[in-house]
Amino acid sequence: MATPAHSLGYAGCNFLRQRLVLSTLSGRPVKIRKIRARDDSPGLRDFEASFIRLLDKITNGSRIEINQTGTTLYYQPGLLYGGTVEHDCSVLRSIGYYLEGLLCLAPFMKHPLKIVLRGVTNDQVDPSVDVLKATALPLLKQFGIDGESFELKIVRRGMPPGGGGEVIFSCPVRKVLKPVQLTDPGKIKRIRGMAYSVRVSPQMANRIVESARSILNKFIPDIYIYTDHMKGLNSGKSPGFGLSLVAETTNGTFLSAELASNPQGQGAAVLPEDLGRNCAQLLLEEIYRGGCVDSTNQSLALLLMTLGQQDVSKVLLGPLSPYTIEFLRHLKSFFQIMFKIETKPCGEELKGGDKVLMTCVGIGFSNLSKTLK
């Protein structure tokens, strides 16, 4: 038996998910104090407690201690077990909040993971299931995580505040990850999108498509935006509509942007035309930022590079998001790994914003719980 690793201490509720995911992968316990200690309602929120329950379901032997007020959490990770799981997510955050954590952990289970998640599929805070399906799955494939059982399927859509959506995610297990060299994003060759509407007129989706195309058609002819109108039970419990756009480059890089309408009873009503135009502009901004990985998946790419074999991995990113910067600090404290960061000013061959070339040598993480056939 390995000696129990020295536990890490943190204060505050920020980046709770990052800390729990890295703790599970590195096997190092964490203790987080002062979680919203000065708030009117102190302690863990419902969606954070739900994420901790989800970690408990996919691991074996985790020890979780929370004090009475919920302001202190001690988490000693168990072994990643996987298997077939069902989980009802909190409707305060979308399923994307939970999926982002699962995408980091799923390849290292003992048994291939097949999980049914229920809750909100598209909201204004977290990456939607559509965007993760279009950008995160191809990214994982670059690292050698692929197979017939690798899929993310939307069975029902659910908009906030009621939720009622359902998603099935299944992922094969891998013993090791392969190193990557993603240094040339390539040119944009096509744009695909999904305009969805639930419990509102199906015409809404068509209006969104028209207004988004009015902007994007000036740049590129190959644009196809699907409309998805779910009826009856499959449309969840609340009305809403939205759009997710993904631009694909010649080298297989995916850059995404998305917008959803305001939840029922909150904020002003949004016109589908405005939503379509704004989303198209967000996509153009993401393309300007550029890089081989879009800003939602920066931390996932860096984590997979860290866990790769003991070989050099390189990836070119757009400007780092604050979330990614904090993630790099956490990678250092959990895995003692440092990245070499080189800024690449936008020169002749690199259009758009300034880029960052991230280089690291993987720690040679191998999936110990995978049984050898």
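With which residue does D130 form a salt bridge, and how far apart are the closest N and O atoms? In this predicted model, the partner of D130 is R157, and the closest N and O atoms of the pair are 3.0 Å apart. Because D130 lies in helix α4 whereas R157 lies in the loop between β9 (151-156) and β10 (165-171), the salt bridge ties together parts that are 27 residues apart in sequence. Both D130 and R157 are buried.

Helix α4, which carries D130, spans residues 129-142 and thus has 14 residues. From the first C-alpha to the last, α4 reaches 20 Å, which is close to the 20 Å expected at 1.5 Å a residue. The helix nevertheless bends by about 25 degrees at A136, and a proline, P138, follows within four residues of that position. Helix α4 is mostly covered, ten of its 14 residues being buried; the buried residues are V129, D130, V131, L132, T135, A136, L137, P138, L139 and L140, so that both A136, at the bend, and P138 are included. After α4 comes G144, a residue with a positive phi near 90 degrees.

The loop between β9 and β10, in which R157 is found, also contains P161. The peptide bond that leads from P160 to P161 is cis, with omega near 0 degrees. In general, most peptide bonds are trans, and most residues other than glycine have a negative phi. Two residues that are not glycine have a positive phi here, namely K34, at about 50 degrees, and R199, at about 55 degrees. K34 is located in the loop between β2 (30-33) and α2, and R199 in the loop between β12 and α5. With a relative accessibility of 53%, K34 counts as exposed, whereas R199, with a relative accessible area of 48%, is partly exposed; the two residues are classed separately because exposed means over 50% relative accessible area.

Across the whole structure, a search finds 18 salt bridges. One of them joins the side chains of D88 and R118, with an N to O distance of 3.3 Å. This pair links distant parts of the chain, given that D88 belongs to strand β7 (residues 82-88) and R118 to strand β8 (residues 111-119), 30 residues apart. The relative accessible area of D88 is 51%, and D88 is therefore exposed, while R118, at 27% relative accessibility, counts as partly exposed. Both residues also take part in a network of salt bridges that links E86, D88, R118, R156 and E166.

A further salt bridge is formed by R207 and E273, whose closest N and O atoms are 2.9 Å apart. Since R207 lies in helix α5 (residues 203-216) and E273 in helix α6 (residues 272-289), this pair ties together parts that are 66 residues apart in sequence. R207 counts as partly exposed at 31% relative accessibility, and E273 likewise counts as partly exposed, at 25%.

Contacts between helices were examined for α1 and α2. Two packed helices are described by the angle between their axes and the distance between the axes. The axes of helix α1 (residues 16-26) and helix α2 (residues 46-58) come within 11 Å and cross at roughly 10 degrees, which makes α1 roughly parallel to α2, as angles under 35 degrees count as roughly parallel. On the α1 side, L16, R17, L20, V21 and T24 take part in the meeting of the two helices, and on the α2 side E48, F51, I52 and L55 do so. An α-helix has 3.6 residues a turn, so residues three or four places apart point the same way.

A final position considered is G186, which is found in the loop between β11 (181-182) and β12 (188-198). With a relative accessible area of 31%, G186 is partly exposed. Leaving aside residues up to four places away in sequence, G186 touches T249, T250 and N251. By contrast, G186 and V30 are 41 Å apart in space, C-alpha to C-alpha, and 156 residues apart in sequence.

How values were computed. Residues numbered from 1 in each chain as written. Predicted model: local features only at pLDDT ≥ 70, side-chain atom pairs only at ≥ 80, totals over all residues. Heavy atoms only, no water. Buried < 20%, exposed > 50% of the residue type's maximum accessible area, 1.4 Å probe, protein only. Contact = heavy atoms within 4.5 Å. Expected span 1.5 Å × (residues − 1). Bend = angle between axes of the 7 residues up to and from the residue. Salt bridge = Lys/Arg side-chain N within 4 Å of Asp/Glu carboxyl O. Axes fitted to C-alpha atoms, helices over the stretch in contact; angles between N-to-C directions. Parallel < 35°, antiparallel > 145°, perpendicular 65-115°, else oblique.
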